[in-house]
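Good morning. Please look at the structure on the screen while I talk through how its chains fit together.

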Amino acid sequence: MATTTATITLSSADIADNSFSISNTATLTKAGSTTGLDKTSGLRRRTLASTDSVDLIQLDHFQSTGEVITENKAAKLYIKNLGSSSAEHVKVCIGQEDADADTEEIGRLYGGDWLFIPYAAVWTSADHNGNQDVYVIPSSGDSVTLEWMIIYE
Amino acid sequence: MATTTATITLASTDLLSDSLSLSSTATLYDAGTTTGLTEYETGRIHVPSGDTNLILLDATAAGNDKAAKVYIANKNTDEAHYVIIAMNGTVIGRLYSGDWMFMPWSQTDVSADIEVTCPAALSTTCDIEYAVFHEGITFTNA
């Protein structure tokens with residue numbers, strides 16, 4: 001088994017009258033156990049240069065290559081926008097690309113922003129219908145690079 | 001303006017053949033600016049088991065298409081306990097005991113609530129802590 005930790009520190013000296021700070025460390029374990037997550041996509045990088053939506057994490061790709069991300073377990077997803085622009089962002093959406101009824105934009109990563117979330121990774125079909133892919137939509141055609149990683153079981 | 005930062009460190013000596021050590025810091029700004037977010041809320045709640053998609057954070061018009069950030073931690077200690085995190089009915093994932101998450105929340109419309117479900121099978125509450133940094137909320141009259 002592997003031991004992987006994720007630590008977050010949220011802090012501000014001036015958002016309130018008193019300093020604000022949260023720090024928390026999670027040890028990433030398999031669902032319902034104390035055994036560490038032992039599979040990962042590895043850290044990946046992708047550069048985008050248009051406002052087209054891009055299927056960043058296509059679950060069917062993982063299925064077809066044997067790297068099955070077991071759905072509804074304890075997978076974790078990290079994405080960072082490596083850009084420096086505070087004006088331009090990348091929308092991060094979960095669901096089937098180009099199927100508005102089945103998707104949700106969860107948030108926008110501006111330059112330097114990152115997210116770290118649990119990932120249900122529900123896979124339904126090889127034609128992507130109902131799959132919980134993660135796709136991204138840049139706000140401009142300027143080049144922007146994302147780094148991402150899934151740690152899963 | 002305020003300066004608030006969020007730093008993540010991911011570390012492992014044995015997930016890969018080489019050590020993993022990743023660290024990243026984001027400064028939390030208003031959408032499209034370098035002005036720091038100035039409003040925040042924090043809390044700790046006991047989510048009752050059995051009810052589906054209870055609203056933890058209510059999306060409002062003032063937050064639509066903005067740059068809010070959300071932190072949620074599952075404070076239960078039994079490794080089998082998890083809380084399901086969803087947005088507008090779309091499941092994001094399961095947050096197990098001791099886990100935390102941090103994500104942007106653009107509130108594309110007033111239905112983009114962040115919802116939590118403590119499974120009925122747990123027969124106990126899911127205790128979570130949260131913080132949201134945002135650009136404002138729409139107040140409602142009494």
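Before anything else, a term: two strands count as paired if DSSP finds at least two bridges between them. With that in mind, take residue A:Ile8: its bridge partner in β1(B) is B:Ile8. For A:Thr9, the bridge partner in β1(B) is B:Thr7. I should say now that this is a predicted model.

Those bridges belong to a longer run. Strand β1 of chain A, residues 4-12, pairs with strand β1 of chain B, also residues 4-12, and the two are joined by 9 bridges in the antiparallel sense.

Now the sheet around that pair. In what order do the 4 strands of the open sheet stand? The order is β2(A)-β1(A)-β1(B)-β2(B), with antiparallel pairing. Why is one side of each β2 strand left without a neighbour in the sheet? The β2 strands of chain A and chain B, residues 20-27 in each, stand at the edges and have a single partner strand apiece, so one side of each has no neighbour there. From one strand to the next, the twist averages 10 degrees.

Next, the contact between the chains. How many residues does each chain give to it? Chain A gives 50 residues and chain B gives 50 residues. On the side of chain A that touches chain B, the elements giving two or more residues are β1, β2, β6 (76-81), β7 (89-95), β8 (103-110) and β9 (114-118). The largest share of that side, 9 residues, comes from β1(A), the strand we met in the pairing with β1 of chain B. By type, the residues on that side of chain A divide into 24 nonpolar, 19 polar and 7 charged.

Last, chain A by itself. Its secondary structure comes to 1 helix and 11 strands. Where does the helix fall along the sequence? The pattern reads β-β-β-β-β-α-β-β-β-β-β-β, which puts the helix after five strands and before six. The C-alpha trace of chain A spans about 55 × 45 × 25 Å along its principal axes. Chain A has 153 residues, and 41% of them count as buried. Of the contacts in chain A with a separation of 6 or more, 72% are between residues 24 or more positions apart.

That is what I have. Thank you.

How values were computed. Residues are numbered from 1 along each chain as its sequence is written. Chains are lettered from A and ligands numbered from 1 in the order in which they are written. This is a predicted model: local features need pLDDT of at least 70, side-chain atom pairs count only at pLDDT 80 or more; totals for chains, interfaces and linings use all residues. Axes are lines fitted to C-alpha atoms, for helices over the stretch in contact, and angles run from 0 to 180 degrees between N-to-C directions. A residue is buried if 20 or more other C-beta atoms lie within 10 Å of its own, exposed if 12 or fewer, and partly exposed in between; C-beta atoms are placed from the backbone. Two residues are in contact if their C-beta atoms, placed from the backbone, lie within 7 Å. Ala, Val, Leu, Ile, Met, Phe, Trp, Tyr, Cys and Pro count as nonpolar, Asp, Glu, Lys and Arg as charged, and the others, Gly among them, as polar.
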